[in-house]
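I sat down with this entry to look up its metal sites, its charged pairs and one buried position. My notes follow in the order in which I checked them.

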Amino acid sequence: MALACGREIRVSGIVQGVGFRPWVSRLAHEHGIVGRVLNDASGVTIEAFGSTRALDRFVGSLRKEPPSAAEIAALDWKPIEAPAPQGFEIAPSLGAEKRRLAIPPDIATCDQCLAEVFDPSNRRYRYAFTNCTNCGPRFTIVRDVPYDRPATSMAGFPMCPACRQEYTTVTDRRFHAQPNACPACGPSLRLVGAAGAETDCDDPVRAAAQVIAQGLIVAAKGLGGFHLVCDATSEAAVLRLRERKRREAKPLAVMVAGLPQAERIAILDEGTRRVLASPQHPIVLAPRRDGGELAQNVAPGNPLVGVMLAYAPLHHVLLAECARPLVMTSGNVSDEPIAYRNDEACARLGGIADAFLLHDRDIVTRCDDSVVRVVAGAPTVLRRSRGYVPRPVLLQRRFDKPVLACGAQLKNTFCLAVNDQAFLGPHIGDLDNLEAFASFEESIVLMERLLAVEPQVVAHDLHPDYLSTRYAKGRDGVVRIGVQHHHAHVASVMAEHDLKAPVLGVALDGAGYGTDGASWGGELLLAQYTGFERIATLRPLALAGGDVAIRQVWRIGVAAVMDAYDGAPPRDVLARFNDVPVQALEMVMTMVAKRFNSPLAHGAGRYFDAMAALALGITHARYEGEAAMLLEYAHDGNVTSRFSYRIDDVAKPWQIDLRPAFREAVEAVVGGCGPGELSSKFHNTLAHATAQVVRAAAERTGCRTVVLSGGCFQNDRLASALLARLSPNLDVHLPRNVPPGDGGIALGQAVVAAALSDAFGG
Ligand code: ZN
Ligand code: ZN
Ligand code: FE
């Protein structure tokens with residue numbers, strides 16, 4: 001057989017499960033190239049044969065315009081000689097190694113599909129399940145591997161001849177699009193009333209839009225679960241939703257058709273526009289536009305609005321029909337997991353929704369909308385779920401033994417790490433109800449199966465009562481490793497940015513179990529992958545009544561003020577707590593004074609609570625982190641001054657003492673100082689004090705690399721102020737692709753456990 005000269009082209013980066021091979025195949029046909037393309041362990045390999053000119057053009061096109069969800073990290077080629085092949089084929093991926101890489105995330109509807117959906121002459125006009133090789137559902141419909149139609153919830157929809165033709169034609173943009181469908185053969189919609197009766201209508205979307213136009217609520221089945229949908233411009237509709245969902249104040253996400261509509265309700269810059277329109281289409285927190293059309297109670301007292309662009313054809317058709325922004329919030333009651341099955345949604349959301357927009361394509365795995373915010377100048381993923389999962393975090397080190405990290409209790413995600421990839425699971429939420437715990441277990445089983453991984457090492461938090469810890473303790477036949485909460489926060493950022501140990505890790509959050517059994521959360525650690533030294537911490541505050549103080553933040557305000565004045569605060573400031581019944585106030589003061597049922601906590605979040613109580617007069621947090629959030633939003637960018645503080649560097653660990661700050665804050669409050677100034681001075685103080693201990697530690701240890709992590713770094717004001725004080729003298733890293741809060745902790749647990757169990761190879 002004659003040998004032909006060709007090229008072996010290797011492409012690495014995010015090139016699998018994003019329509020890359022079909023795209024390569026189409027390009028090959030355009031350029032008259034023969035050969036084949038296949039997925040391998042490091043990405044995609046192409047064997048291409050043709051004239052030198054054709055090959056040059058082919059390689060040029062490969063570099064130029066990859067599919068929107070792909071990201072080419074490197075593209076190299078070398079000449080090869082081989083028997084001349086016939087045509088161009090997509091070679092099958094075989095073996096666990098290859099399968100592991102082939103589970104794609106869900107991708108927002110592409111422009112070409114969208115154009116078809118709104119083209120009256122197209123056979124997919126207004127079709128809610130339109131997709132192609134470049135877009136559509138993926139992870140949320142996968143039951144098993146390999147990722148092929150029979151292993152998805154599209155298995156029950158045999159393709160009609162027209163769809164099959166597209167699916168099998170190499171040059172078609174639906175070539176190998178597993179969920180390919182049309183009105184003739186694919187899933188369909190129906191509208192069901194609250195009582196469960198099917199609504200007789202020609203067009204369920206139009207009928208749903210009419211329900212919404214009346215100020216009522218529709219539960220709509222989306223990609224990763226149900227949304228509760230209402231008119232975002234109507235105070236009455238939003239109030240109705242809040243009352244029924246028992247969600248008093250927490251901001252609600254809003255969906256709009258596209259960027260022009262987003263600009264009308266939010267102030268966007270180049271960065272936020274790019275994130276909004278990225279293939280992931282997350283919720284982006286952006287400044288709300290004054291005088292925009294949104295109802296005030298969508299995000300009460302909040303200068304930001306969570307906005308996302310429609311990401312499925314169903315959304316586009318519904319938004320076109322409604323012609324206004326829509327509230328699209330998770331279909332659940334309070335903090336339960338999002339509903340994702342038809343029967344379950346109708347049962348659980350029956351008291352909330354007036355109608356259900358259902359379809360018959362099953363959601364296999366629930367996957368909430370992801371959330372992104374610009375923090376200290378760059379987009380930061382605050383909740384990493386739909387669109388990102390199961391895209392791996394690429395690591396520079398290899399895990400020789402697979403590791404499962406079980407995450408924390410709140411905002412739980414887990415992580416499965418194998419080879420040089422860490423797969424973070426979908427956002428599970430707070431593990432404090434059965435429903436959430438079941439979802440946690442199911443997701444782990446599914447991910448282990450999809451990735452063909454059997455963990456040999458299981459990492460968990462040190463907190464004995466976290467359900468994730470208990471789950472880990474129940475796994476037999478594995479090496480179990482407990483990882484300290486803040487060590488995991490810091491290690492997560494070390495892993496994301498591939499940092500060499502040691503680093504100085506600032507971990508500021510609400511609470512995490514310390515190695516001494518106390519509640520930590522204002523920590524400076526000198527961290528290795530294998531361990532850490534606690535260099536500094538915040539002076540702890542008393543939580544009168546324990547966890548109840550985290551909801552009733554006035555209790556923490558009282559404790560901070562009492563601490564600042566050695567137990568005898570000026571009477572004037574106690575007037576700040578006038579909304580609290582006198583007996584309760586006196587009881588809490590006694591509890592704090594006698595340290596009765598008042599555990600001490602080092603969490604930075606508690607200082608935010610205390611200052612919010614003092615500066616804003618907030619007595620209760622209506623959702624987790626509300627007080628801290630409102631304190632951040634109250635800040636006045638023009639105030640650059642700060643309060644006093646003290647560093648006790650004789651204590652071990654060093655202690656950051658904010659009592660002087662609280663005394664000055666109390667005097668300011670009594671003197672009539674406004675919340676803007678108090679908030680700014682508090683942020684400046686915390687940043688200043690933290691920067692001082694970090695610099696002192698850098699001096700002492702010679703370590704110049706700094707990591708900022710923990711839920712407090714969702715706070716742009718704090719992160720920006722601290723970053724400005726540390727760089728450029730120190731090399732500072734923030735979490736970007738992995739959440740700073742407890743949703744990112746599993747990655748840190750995985751790398752620490754790997755380091756401790758010798759699971760890391762060379
Ligand atoms: Zn498409
Ligand atoms: Zn069809
Ligand atoms: Fe935390």
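**Notes on salt bridges and metal sites**

I began with Glu 166, which is buried, its relative accessible area being 11%. I keep in mind throughout that this is a predicted model.

I then looked for the partner of Glu 166 and found Arg 174, the two side chains meeting in a salt bridge at 3.8 Å from N to O. Arg 174 has a relative accessibility of 2% and so counts as buried, since the cut-off is under 20%. Following the charges outward, I noted that Glu 166 and Arg 174 belong to a network of salt bridges that also links Glu 116, Arg 123, Arg 124 and Arg 173. For the structure as a whole I recorded 41 salt bridges.

Next I looked up Glu 435, which forms a salt bridge with Arg 366, with 3.7 Å between the closest N and O atoms. Glu 435 sits in helix H12 (residues 434-450), while Arg 366 is in the loop between strand S13 (355-359) and strand S14 (371-375), so this pair ties together parts that lie 69 residues apart in sequence. Is each partner buried or partly exposed? Glu 435 is partly exposed at 31% relative accessible area, whereas Arg 366 is buried at 7%.

I also checked Glu 632 and Arg 373, whose side chains meet in a salt bridge at 2.8 Å, N to O. This pair links distant parts of the chain, with Glu 632 in helix H20 (residues 626-634) and Arg 373 in strand S14, 259 residues apart. Both Glu 632 and Arg 373 are buried.

**Zinc ion (ligand 1)**

Which protein atoms hold the zinc ion (ligand 1)? I listed the SG atoms of Cys 110, Cys 113, Cys 132 and Cys 135 as its protein donors, lying 2.3 Å from the ion. The angles among the 4 donor atoms run from 104 to 117°, and the site is tetrahedral. For comparison I wrote down that the ideal angle for four tetrahedral donors is 109.5 degrees. Along the sequence the donor residues follow the spacing C-x2-C-x18-C-x2-C. Cys 110 lies in the loop between helix H3 (95-100) and helix H4 (111-117), and Cys 135 in the loop between H4 and helix H5 (161-168), so the pair ties together parts 25 residues apart in sequence. Cys 110 is buried at 12% relative accessible area, and Cys 135 is buried at 1%.

**Iron ion (ligand 3)**

For the iron ion (ligand 3) I found the protein donors His 485 (NE2), His 489 (NE2), Asp 509 (OD) and Asp 742 (OD), at 2.1 to 2.3 Å from it. Why is this arrangement irregular? The 4 donor atoms subtend angles of 86 to 172°, and four donors count as tetrahedral only if all angles lie between 85 and 135 degrees, so that label does not apply here. The donor spacing reads H-x3-H-x19-D-x232-D. Within this set, His 489 in helix H14 (residues 485-496) and Asp 742 in the loop between strand S28 (731-733) and helix H24 (745-756) are 253 residues apart, and the pair links distant parts of the chain. His 489 counts as buried at 1% relative accessibility, as does Asp 742 at 12%.

**Leu 722**

Last, I looked at Leu 722 in helix H23 (residues 716-726), which is buried with a relative accessible area of 0%. Leaving aside residues up to four places away in sequence, Leu 722 touches Val 506, Ala 687, Thr 690, Ala 691, Leu 708 and Phe 713. The C-alpha atoms of Leu 722 and Leu 708 are 9.1 Å apart, with their positions 14 residues apart along the chain.

Key:
Residues numbered from 1 in each chain as written. Chains lettered and ligands numbered in written order. Predicted model: local features only at pLDDT ≥ 70, side-chain atom pairs only at ≥ 80, totals over all residues. Heavy atoms only, no water. Salt bridge = Lys/Arg side-chain N within 4 Å of Asp/Glu carboxyl O. Buried < 20%, exposed > 50% of the residue type's maximum accessible area, 1.4 Å probe, protein only. Helix = DSSP H or I, 4+ residues; strand = E, 2+ residues; numbered from the N terminus. Donors = N, O, S within 2.8 Å, 3.2 Å for Na, K, Ca; no water. Tetrahedral: all angles 85-135°; square planar, octahedral: opposite > 155°, others 65-115°. Contact = heavy atoms within 4.5 Å.
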